[in-house]
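Here are a few exercises to help you find your way around a new structure. Try each task yourself with the model open, then read through the solution.

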Amino acid sequence: METMLDNLSDNEFISICVGDARLHRADLWQTHIDYEICLHTNSMCFRKKTSCVRRRYSEFVWLRHCLEQNALIIVLPKLPPRNPFFRMRNTEQVMQRMKGLQEFLESVVQTPLFLSDSRLHLFLQSDLSTAKIDACACGKTRYTVAEAIQRSSCGYISRLEDKASCDSDCESSSSSGLGLSMDTSVRGFGVTLVQYRSGGQTCKLKADEGGLGSLKKTAAVPTTTPATPLD
């Protein structure tokens, strides 16, 4: 019996990949970068065998703090350090951070104690914010952990929250035409798209074969001082 269980354990795998860094600009001064976390596994510990979510660096810091509370004598792996001079245009910085975040998660999911923490599973396989992850893990939401994981990508969770609280007077800056937002994605080594939305108009910058160093302007873009990305 023990041999059978050992063989089953040996055949299990948990594969995690962190990549596709994207810069999001909420307005002229506030920006942040997030990263795609793709998970593929056959482990019985996970409800979904494949998933992709996006998380920012500050959320990784939050996760490490949560796991540290239950770590007991286990030494938690470190995250890549904060860098006040971090820039999306610096490909080496971006790649090093993604590598460090991936190594952190790979180490965490190999520790059985951490796999028993529902906050880790919600972090990896749901699109809930850290505050909602805490609430869900404590049973303070209208949905269970299993529902948040299984149905996070189909709008089910949003509909449940809308039933509890609906604010119809709230509009996004992009829908009012008064705001400006930008999405930049890095796949591997190059920026693939920079898109501005301002005053109802869309302006795009697209990278050619030269990658980061040579962006072609396809429409007029407001000239602003670039904001420093927040983690």
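**Exercise 1. A salt bridge inside one strand**

Task: Find the residue that forms a salt bridge with Asp-20, and say how far apart the closest N and O atoms are.

Solution. Before you start, keep in mind that this is a predicted model.
- Step 1: Asp-20 pairs with Arg-22 in a salt bridge, and their closest N and O atoms are 3.2 Å apart. Side chains of opposite charge can pair when their charged atoms come close.
- Step 2: Check the cover. Asp-20 has a relative accessible area of 8%, so it is buried. Arg-22 comes out at 26%, so it counts as partly exposed.
- Step 3: Look at the backbone too. Asp-20 is found in strand β1, and its phi is near 50 degrees, a positive value in a residue other than glycine. As background, most residues other than glycine have a negative phi.

**Exercise 2. Two more salt bridges**

Task: The structure holds seven salt bridges. Work out whether the partners in the Lys-99 and Glu-103 bridge are buried or partly exposed, then do likewise for Arg-119 and Asp-117.

Solution. Take one pair at a time.
- Step 1: The side chains of Lys-99 and Glu-103 meet at 2.7 Å, N to O. These two residues are four apart in helix α3, so about one helical turn separates them.
- Step 2: Partly exposed covers the range between 20% and 50% relative accessible area. Lys-99 has 45%, so it falls in that range, and Glu-103 does as well because its value is 41%.
- Step 3: Now go to Arg-119, which forms a salt bridge with Asp-117, with 3.0 Å between the closest N and O atoms. Buried means under 20%. Arg-119 is buried because its relative accessibility is 12%, and Asp-117 is buried because its value is 9%.
- Step 4: Some bridges also link up: Asp-20, Arg-22, Asp-34 and Arg-54 are joined into one network by salt bridges that share partners.

**Exercise 3. A hairpin and its histidine**

Task: Describe how β1 and β2 pair, and find what stands opposite His-24.

Solution. Start with the strands, then zoom in.
- Step 1: β1 runs over residues 14-25, and nine of its twelve residues are buried, which leaves the strand mostly covered.
- Step 2: β2 takes in residues 31-41 and pairs with β1 in the antiparallel sense, over ten bridges. Five residues lie between the two strands, and together they make a hairpin.
- Step 3: His-24 lies in β1, and the residue opposite is His-32 in β2.
- Step 4: His-24 counts as buried because its relative accessibility is 18%. Its side chain also has a polar contact of 3.0 Å with the side chain of Asp-34. That is the Asp-34 you met in the salt-bridge network.

**Exercise 4. A loop and a nonpolar patch**

Task: Look at the loop between α2 and α3, and find which residues Asn-70 touches, leaving out those up to four places away in sequence.

Solution. Follow the loop from Asn-70 to Leu-72.
- Step 1: Asn-70 sits in the loop between α2 and α3. With 37% relative accessibility, it counts as partly exposed.
- Step 2: Leaving out residues up to four places away in sequence, Asn-70 touches Leu-113, Asp-117 and Arg-119. Two of these names are familiar: Asp-117 and Arg-119 form a salt bridge with each other.
- Step 3: Compare sequence with space. Asn-70 and Leu-113 are 43 residues apart along the chain, while their C-alpha atoms are 8.2 Å apart.
- Step 4: Leu-72 belongs to this loop as well, between α2 (57-69) and α3 (91-108). Its relative accessible area is 76%, so Leu-72 is exposed.
- Step 5: On the surface, Leu-72, Ile-73, Ile-74 and Leu-113 form a nonpolar patch, with about 440 Å² of accessible area together.

**Exercise 5. Stepping back**

Task: How many helices and strands does the protein chain have, and what percentage of its residues count as buried?

Solution. Now look at the whole chain.
- Step 1: The secondary structure comes to nine helices and seven strands.
- Step 2: The chain has 231 residues, and 39% of them count as buried.
- Step 3: The chain exposes about 13600 Å², with carbon and sulfur atoms supplying 53% of that area.
- Step 4: Among contacts with a separation of 6 or more, 50% come from residues 24 or more positions apart.

Technical notes
Residues are numbered from 1 along each chain as its sequence is written. This is a predicted model: local features need pLDDT of at least 70, side-chain atom pairs count only at pLDDT 80 or more; totals for chains, interfaces and linings use all residues. Side-chain values use heavy atoms; hydrogens and water are left out. Patches are made of residues with over 30% relative accessible area and no salt bridge: like charges are joined within 9 Å, nonpolar side chains (Val, Leu, Ile, Met, Phe, Trp, Tyr) within 5 Å. Accessible areas come from the Shrake-Rupley method with a 1.4 Å probe; for residues, only the protein chains shown count as cover. A salt bridge is a side-chain nitrogen of Lys or Arg within 4 Å of a carboxyl oxygen of Asp or Glu. Buried means under 20% relative accessible area, exposed over 50%, partly exposed in between (1.4 Å probe, protein chains only). Two strands pair if DSSP finds at least two bridges between them. Contact means heavy atoms within 4.5 Å. A polar contact is a pair of N or O atoms within 3.5 Å; within protein, one must be able to donate a hydrogen and the other to accept it, and residues adjacent in sequence count only if both atoms are side-chain atoms.
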